[in-house]
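User: I should like to learn how individual features of a structural model are read. Please take me through some cases.

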Amino acid sequence: MRTLPEPFAGWFAARGWTPRPHQLALLEAAGRGEHVLLLAPTGGGKTLAGFLPSLVDLAAAPREGLHTLYVSPLKALAVDIARNLTLPVEQMGLPIRIETRTGDTPVNRRARQRERPPQMLLTTPESLTLLLSLPDAPEMFAGLAAIIVDEAHALAGTKRGDQLALCMARLGTLAPGARRVGLSATVAHPGPLRAWLSPTARPEDVRLVETKGGAAPVFDLQLPEGRLPWGGHMGLASAPEILARIEGARVTIVFVNTRAQAELVFAALWRLNEAALPIGMHHGSLEIGLRRKVEAAMAEGRLRAVVATASLDLGIDWGDVDQVIQVGAPKGVSRLLQRVGRANHRMDEPSRAVLVPANRFEVVECVAATEAVEAGELDGEPPRPGGLDVLAQHVLAMACSAPFLPDALYAEVTRAGPYAALSRRDFDDVVRFVEDGGYALQAYERFRKLFRDAEGMLHVRDARIARQLRMNLGTIVETPMLKVRLKGGGVVGEVEEWFVSTLEAGDCFLFGGQVLRYERLEPAAVIVSRGGEGEPRVPVYAGARMPLTTHLAARVRAILSDPRRWEHLPEPVREWLRLQRLRSELPPRDGLLVETFPRGGKWFLVAYTFEGRLAHQTLGMLVTKRMERRGLGPLGYVGTDYVFTAWSAFEPTDIEDLFAEDILGDEMEEWLAESSMLRRTFRNVATIAGLIEKNHPGQEKSGRQMTMNSDLVYDVLRRHQPDHILLRATRAEAAQGLTDVARIAALLARVKGRIRHRVLDRVSPLAVPALIEEGREWVAGGAEDALLAEAAALVDEATDGAEHFAEVLAEVTEQVPVRGTSVAREKRRSKWRRAAPRMVTG
Amino acid sequence: MGAAPVHLAGERLMLDPAGVLHWPARRLLCVADLHLEKGSSFAARGRLLPPYDTRETLARLLPLLRRYRPERVVFLGDSFHDDDGAARLPAAERGALAQALAGVEAVWVAGNHDPSPPSCLPGLAMEELAEGPLVFRHVPQARAAGEVAGHLHPKAMAPTRAGGVVRPCFVADGRRLVLPAFGAFTGGLDVADPAVASLFPRGARVFLLGAERLFSFPMAARRAGAAVQVTKEGGGSKGEFPPPWPSITR
């Protein structure tokens, strides 16, 4: 095996370090000019392994110009790595400049980087796209020797991953000799990840280097004292136990699943924290300065615990963490392992982790996840084809850099893994969309963005188009956010605009660990003051909850259906399942249990499908559509990760018919027309593709909405050109990710002829959690008008024309939660608000 | 079919669930905020929105003209998304519109988006139209009586037992009527927004558009107490747990 050259050998020796085998393996592979994917658990010296060959190369043959490009999904990670790398480079006196390039890089440094690039540039996919859209990109990247992609598992399979793959394909054209190095956490199926990284889209062109994981993690299940909750996802009942665990360890990360949960858990801990242990909080909506303070305090060991969301998921080093607590269900085996890996950054000792399920189903899920970890099984979702919206943005970006021939660009993009199977028709339609909108009606000849010259080269029309592109680069579509500013003070973070729209002056909410009172709305900022009275609400954010992975869902199903596998379950859960067997029956492993029962003047239908929340939302839509056709008067439905529940005016019968495979036919078509999920998907697709403008935070809005409402565009386009490329992209995206149609199709096929229908006289034990689940979807369409009519009639009858009808209506109808109710149950005056836009924005 | 009567300055007006106003006594039809050619207006600025909005808007408007056979049609401003909109009308749509307006007196009230009279289309252009006790203008004025206006694109949320349902709406009190925006690409402004609510300090009725009929609800008067609540200091910072940042970062 190869050894380290000087001065590296000396530098390692001076620290008493020996190079790890995978670090040497990467050095060796680089010597042979190979592309490599390194799979290693957190704390394995992965990043250094990625950079070492470049450092060695530059130490042996110093040169000017860009040598190594490092791309990370997080700005903060790029900054962190730059810091960690600069130290050894200075200590060894290497002639290497290391700089970061992100959205935060000041203008003068950007200019300097273009004139005189550093040897090592650390950046993000968005900033890389921007660099590649510049006319001088060929000069800047011509001498590139290595591309390092960090946290590759977190990028591949997302739209940012699509974008980066396209950028790498362009770099493959500009610098054919550049080696690619992917750094990734352990994944179940490395094949797709290799293909994603590969310069040919073929996995075999990327060598796989895998390090064996250290000791297996040790899991503890922590239940709350007293009664085990039926529902809820917050896990607040376990706050005393969590605090006790924190007291018993040196440094703890308390991972939660959503930002709202972070606020609530943090508040619950501080309510009990009589010893005033230093406990902090970290989530993506807190003001960046506050986040940096917490990170610094954590790194310096001044905190005993930090309550964190996925914003702490990725590789940044947080110092000497010796305990990880996961509050709420883990939702996926790989995700759990990564979080657990944050404890004890040494590979040879087992990580200690505590799982704190919030309800009974989550107990089963936690047990299923630990069993999967013991069995060494990870969950991997199959790769999905690259988004056409991302391609549209890329095509325009490339046109901004230089004129192109469609044939050549097609050849280039199909070398990117996610686009290897892209059809020429789709490519041409995307190019046409970029050119003139791609409409059947030739209306925009004068407004084309690209024009073709005599040789068939496509040129961008003018500099304004390029400016517009750069303003809208990126694949993360933010829901409109507003800054939260203390009256006469600083900014503490941001909340979604729609949440603010549900507030009235004097209302209070929990944010950044304090109760804030809403004072007024200023352009682009919510003005608040500290304190306030009454039950605070908690801002919830769109797309906050991760769906349960297929693999974990299957394990949960297997445990539930087989009493012999209940031994690891705590007694209250076993009793719950025994009761279920008595009152109804256990959901079968492969068939489908459907229960119907009357309650509160409505009929409920509960299906134990275990396909994850996204699939259930789609299924709910399809089944209620069919119920509508059968005259059952469906009123609404809710999907949890485990079951889906619908309620209707009349008793559902002929269950086989409601779950027949052909609901994917007619009902599907009808649903596509109205689905709010499709609308949300279209909004993202249209924004990324550049049809509608990105929302720029802080941009002042005239009181009236002059931004284009994507719903209106969607309606008009659907009626007049249903096969438009963006509608095709929307359907394709919805079919895989957002709506999980494939999962539903597999389910319906699997349970055909194996549906067990139980008619009960009341709710069954397993159905209780679903009935108290929040976040219901309403059956739109015809039923909406009927409801409006009912409400109008009721109000007239009850008030005889009096005002304040909302309150009156709340009195005359029973207490049905309104759409989009926040996490904190609203016991206050009713507020009739529409559900938050739910998007997958991470 | 499904139209609802309201009274304004003693006149009986019919609100059509399609979002237009009919004044039977004067055989007058009024429609607000068509924003025709909004798609091409965006296209000129680099956003190539679907070019079908005019077609869609007219497909909804022309049947109404055929049904009501008015003597006069009042376009209540912002009929075109910008001042050049009329010039950009595709030939087919221009023809269809001209044909539908044949034998009808068209009144093009100026809007903030289209202050100039539309070219190549029949009819009169005016700043506002006074007709009997009523005045038709684009932007509602602070102290008006008998006013029919547009501009605001009002929409409202109605509570139902399944939660709020949002629809474009008419807003009316005894003195003023605001029409919903009719155009295919026109969004809405919630009636709770001060821009709308301040016009109706003593409350109003909203009429939400439905497929077959309107749904009428009272709109509450602006609450007098609200302002007091905002300025009232106190309650103090008695959060149940200490603000964490100073203690951990000092």
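User: Is L26(A) buried or exposed, and why?

Analyst: Burial is judged by counting C-beta atoms around a residue, and 20 or more within 10 Å make it buried. In this predicted model, L26(A) has 26 C-beta neighbours inside 10 Å and therefore counts as buried. The residue belongs to helix α2 of chain A, residues 21-31.

User: Which residues is L26(A) in contact with, beyond its neighbours within four places in sequence?

Analyst: A contact is read from the distance between C-beta atoms, with 7 Å as the limit. Outside that local window, L26(A) touches V36(A), L38(A), A49(A), G50(A), L52(A), P53(A), V181(A) and V209(A). For G50(A), the separation along the chain is 24 residues, while the C-alpha atoms of L26(A) and G50(A) lie 7.1 Å apart.

User: Where is S351(A) placed, and is S351(A) buried or exposed?

Analyst: S351(A) sits in the loop that runs between α14 and β13 (352-356) of chain A. The same count applies here: S351(A) has 27 C-beta neighbours inside 10 Å, so this loop residue is buried. Its C-alpha atom is 24 Å from that of L236(A), a residue 115 positions away in sequence.

User: How should the packing of α14(A) and α15(A) be described?

Analyst: Two values describe a helix pair, namely the angle and the distance between the axes. Helix α14 (residues 333-340) and helix α15 (residues 360-374), both of chain A, pack at about 80 degrees with their axes 10 Å apart. The two helices are therefore roughly perpendicular to each other. On the α14(A) side the contact involves V333(A), L336(A) and L337(A), which meet A369(A), A372(A) and V373(A) of α15(A). By class, this contact has six nonpolar residues, with no polar and no charged ones.

User: At what angle do α27(A) and α2(B) pack, and which residues make the contact?

Analyst: A pair formed across two chains is read in the same manner. Helix α27 (residues 710-720) of chain A and helix α2 (residues 53-68) of chain B have axes 10 Å apart and an angle of about 85 degrees, and the pair is therefore roughly perpendicular. The contact joins V716(A), R719(A) and H720(A) of α27(A) with D53(B), R55(B) and E56(B) of α2(B). Its classes are one nonpolar, one polar and four charged residues.

User: Which residues of α29(A) are buried, and why are they said to line one face?

Analyst: The directions of side chains around the helix axis answer this. In α29(A), residues 741-751, the buried residues are V741(A), R743(A), I744(A), L747(A) and V751(A). Seen down the axis of α29(A), they fall within an arc of 155 degrees, so they line one face of the helix. The face turned away from that buried side carries the exposed residues A749(A) and R750(A). After the helix comes G753(A), with a positive phi near 75 degrees.

User: What can be said of chain B overall, and how is confidence in the model read?

Analyst: Chain B contains seven helices and 16 strands, and 48% of its 250 residues count as buried. Of the contacts in chain B between residues at least 6 apart in sequence, 65% join residues at least 24 apart. Confidence is given per residue as pLDDT: the mean for chain B is 84, and 85% of its residues reach 70 or more. Over residues 223-250 of chain B, pLDDT stays under 50; for this stretch the model has 39 contacts beyond four places in sequence. For the model, the scores are ipTM 0.82 and pTM 0.79.

Conventions:
Residues numbered from 1 in each chain as written. Chains lettered and ligands numbered in written order. Helix = DSSP H or I, 4+ residues; strand = E, 2+ residues; numbered from the N terminus. Buried ≥ 20, exposed ≤ 12 C-beta atoms within 10 Å, placed from the backbone. Contact = placed C-beta atoms within 7 Å. Arc of directions from axis to C-beta. Axes fitted to C-alpha atoms, helices over the stretch in contact; angles between N-to-C directions. Parallel < 35°, antiparallel > 145°, perpendicular 65-115°, else oblique. Nonpolar A, V, L, I, M, F, W, Y, C, P; charged D, E, K, R; others polar. pLDDT = per-residue confidence, 0-100.
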